[in-house]
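The following exercises concern a single protein chain. Each task is followed by a worked solution.

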Amino acid sequence: VDNFIRGGISCTLMAYGQTGSGKTHTMFGPPGSLTEVSLEQSAGAVPLPWGAFPRAMLALLTAPELSGAKFHASAVEIYMEHAYDLLN
């Protein structure tokens with residue numbers, strides 16, 4: 001993430017694999033782990049159970065050199081040739 005912050009590079013996180021192989025768990029963490037309470041209890045650090053996507057976003061959103069920057073993030077699941085927005 002640090003290289004992307006300093007280089008101003010766009011990136012894509014992608015997980016590919018069989019149903020039930022842990023893609024969503026890897027990207028977002030276990031169910032119920034993405035809460036404000038877990039963030040508050042971690043005392044400013046990234047909560048251990050969080051996955052790759054929230055870790056990367058937290059690093060970007062708290063980077064002082066990116067203060068005032070605009071971000072666009074989306075999370076899409078493709079299943080049986082249908083796309084599902086995971087953030088709505």
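**Exercise 1. Is Met80 buried or exposed, and where does it lie?** Which class, buried or exposed, does the relative accessibility of Met80 give?

Solution. The model is predicted: local features need pLDDT of at least 70, side-chain atom pairs count only at pLDDT 80 or more, and totals for chains, interfaces and linings use all residues. Residues are numbered from 1 along each chain as its sequence is written, and side-chain values use heavy atoms, with hydrogens and water left out.

Step 1. Apply the classes: buried is under 20% relative accessible area, exposed is over 50%, and partly exposed is in between (1.4 Å probe, protein chains only).
Step 2. Met80 has 65% relative accessibility and therefore counts as exposed.
Step 3. Met80 is placed in the loop between β1 and β2.

**Exercise 2. Describe the pairing of β1 and β2, and examine the backbone of the turn.**

Solution.
Step 1. Strands here are DSSP runs of E with at least two residues, and helices are runs of H or I with at least four, numbered from the N terminus. Two strands pair if DSSP finds at least two bridges between them.
Step 2. β1 (residues 76-79) and β2 (residues 82-85) run antiparallel and are joined by four bridges. Tyr79 is found opposite His82 of β2.
Step 3. The two strands form a hairpin with two residues between them.
Step 4. Most residues other than glycine have a negative phi. Met80, although not a glycine, has a positive phi of about 50°. Glu81 is likewise not a glycine, and its phi is positive at about 65°.
Step 5. Glu81 also belongs to the loop between β1 and β2, and is exposed because its relative accessible area is 79%.

**Exercise 3. Identify the largest nonpolar core and the elements that supply it.**

Solution.
Step 1. A nonpolar core is a set of buried Ala, Val, Leu, Ile, Met, Phe, Trp, Tyr and Cys residues joined through side-chain atoms within 4.5 Å.
Step 2. Eight residues make up the largest such core: Met27, Phe28, Phe53, Met57, Leu60, Ala63, Leu66 and Ala75.
Step 3. Two or more residues come from each of α2 (23-28) and α4 (52-61), and α4 gives the largest share, three residues.
Step 4. For context, nonpolar side chains in soluble globular proteins tend to be buried together.

**Exercise 4. Characterise the setting of Ser42.**

Solution.
Step 1. Ser42 lies in the loop that links α3 (36-41) to α4.
Step 2. With a relative accessible area of 18%, Ser42 is buried.
Step 3. The Ser42 side chain reaches the backbone oxygen of Leu39 at 2.7 Å.

**Exercise 5. Summarise the chain as a whole and the confidence of its prediction.**

Solution.
Step 1. The chain contains four helices and two strands, in the sequence order α-α-α-α-β-β.
Step 2. Its C-alpha trace spans about 40 × 30 × 20 Å along the principal axes. Of the 88 residues, 22% are buried.
Step 3. The average pLDDT (the predictor's confidence in each residue, from 0 to 100) is 85, and 91% of the residues score at least 70.
Step 4. Confidence is lowest in helix α1 (residues 2-7), with a mean of 65, and highest in β2, at 92.

Notes:
Polar contact = N/O pair within 3.5 Å; in protein donor to acceptor, adjacent residues only side chain to side chain.
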